[in-house]
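Notebook open. I wanted to see how this chain packs, so here is what I looked up, in order.

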Amino acid sequence: MLFRSLYLVDVDKEPIGRVLKLNSVRNGNLWKEIDVLIFNTWHWWHRRGLKQQWDYVQFDGKIRKDIDRTVAFRTALRTWAKWVDSDVDTNRTKVIFQGISPSHYNGIDWNEPGVRNCSRQTTPFKGSIYPTGLPLAEYVVKEVIRNIKKPVHLLDITMLSQLRKDAHPSTYNDFNGMDCTHWCVAGLPDTWNLLLYAALIK
């Protein structure tokens, strides 16, 4: 089952608009009955304007128009982590969190200054260490998971995906724009699936 919860925490429709509630995760009442839970989030956290899926954010009892997105992301993940520790029976439910899926919109990241996106990238990055290092959000994920008391498996796809600047649809997509965020199928996600399968059977 695919359960679409862009931020893991709740977004409620209220008279003032859509409120992102960083300290609330009511969907967990449904999730905890499932045998294998695979979570991921980050893709939507930095969206602004029309692509932003909330109007206000509630944090520590106060409603604000905006907040530092990394702070919001960390707070939401900590809320989710508390839910795992308090509500999930990990004897019957396996919990997996997929790491950050990177994008490739700036050639400086892979030592090609002047390149503005993934267009015409036909080979992976040469080497095993990405020049800019891991995205900040991945460090947040690792910190939060490290502090969860119950067993949560990190499906760590971030660095191997950073090396695949050639694996995006680029201009070959349905919305006639440059897509260096999603991935071609068949392609890199097949490697993610192999890692997922290994995690499920171990």
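**Core first**

I pulled the largest nonpolar core, which has 37 residues, and Leu22, Trp45, Trp80 and Phe97 touch the most other members. A nonpolar core here is a set of buried Ala, Val, Leu, Ile, Met, Phe, Trp, Tyr and Cys residues joined through side-chain atoms within 4.5 Å. Buried means under 20% relative accessible area, exposed over 50%, and partly exposed in between, with a 1.4 Å probe and protein chains only.

I then checked which elements give two or more residues to this core: strand 3 (36–39), strand 4 (56–59), helix 2 (69–87), strand 6 (94–98) and helix 3 (136–146). Helix 2 gives the most, with eight residues. Apart from this core lies another, of eight residues, including Ile96, Leu155, Trp192 and Leu196.

Ground rules: this is a predicted model, where local features need pLDDT of at least 70, side-chain atom pairs count only at pLDDT 80 or more, and totals for chains, interfaces and linings use all residues. Residues are numbered from 1 along each chain as its sequence is written, and side-chain values use heavy atoms, with hydrogens and water left out.

**Two residues up close**

I listed contacts (heavy atoms within 4.5 Å), skipping residues up to four places away in sequence. Phe97 touches Leu8, Phe39, Asn40, Thr41, Leu77, Trp80, Val141, Ile145, Val152, His153, Leu154 and Leu155.

Is Thr93 buried or exposed? Thr93 is buried, at a relative accessible area of 1%, and lies in the loop between helix 2 and strand 6. With the same skip, Thr93 touches Lys32, Ile34, Asp35, Leu37 and Val88. I also took one C-alpha to C-alpha distance: Thr93 and Pro131 are 37 Å apart in space and 38 residues apart in sequence.

**Whole chain**

I counted five helices and seven strands, in the order β-β-α-β-β-β-α-β-α-β-α-α. These are DSSP runs numbered from the N terminus, helices being H or I of at least four residues and strands E of at least two.

The radius of gyration is 18 Å, close to the 17 Å that the globule rule gives for 202 residues, so the chain is as compact as a globular protein of that length. That radius is taken over C-alpha atoms, and the rule is 2.2 Å times the number of residues to the power 0.38. Along the principal axes, the C-alpha atoms fill a box of roughly 45 × 45 × 30 Å.

Buried residues make up 44% of the 202. Among contacts between residues at least 6 apart in sequence, 69% join residues at least 24 apart.
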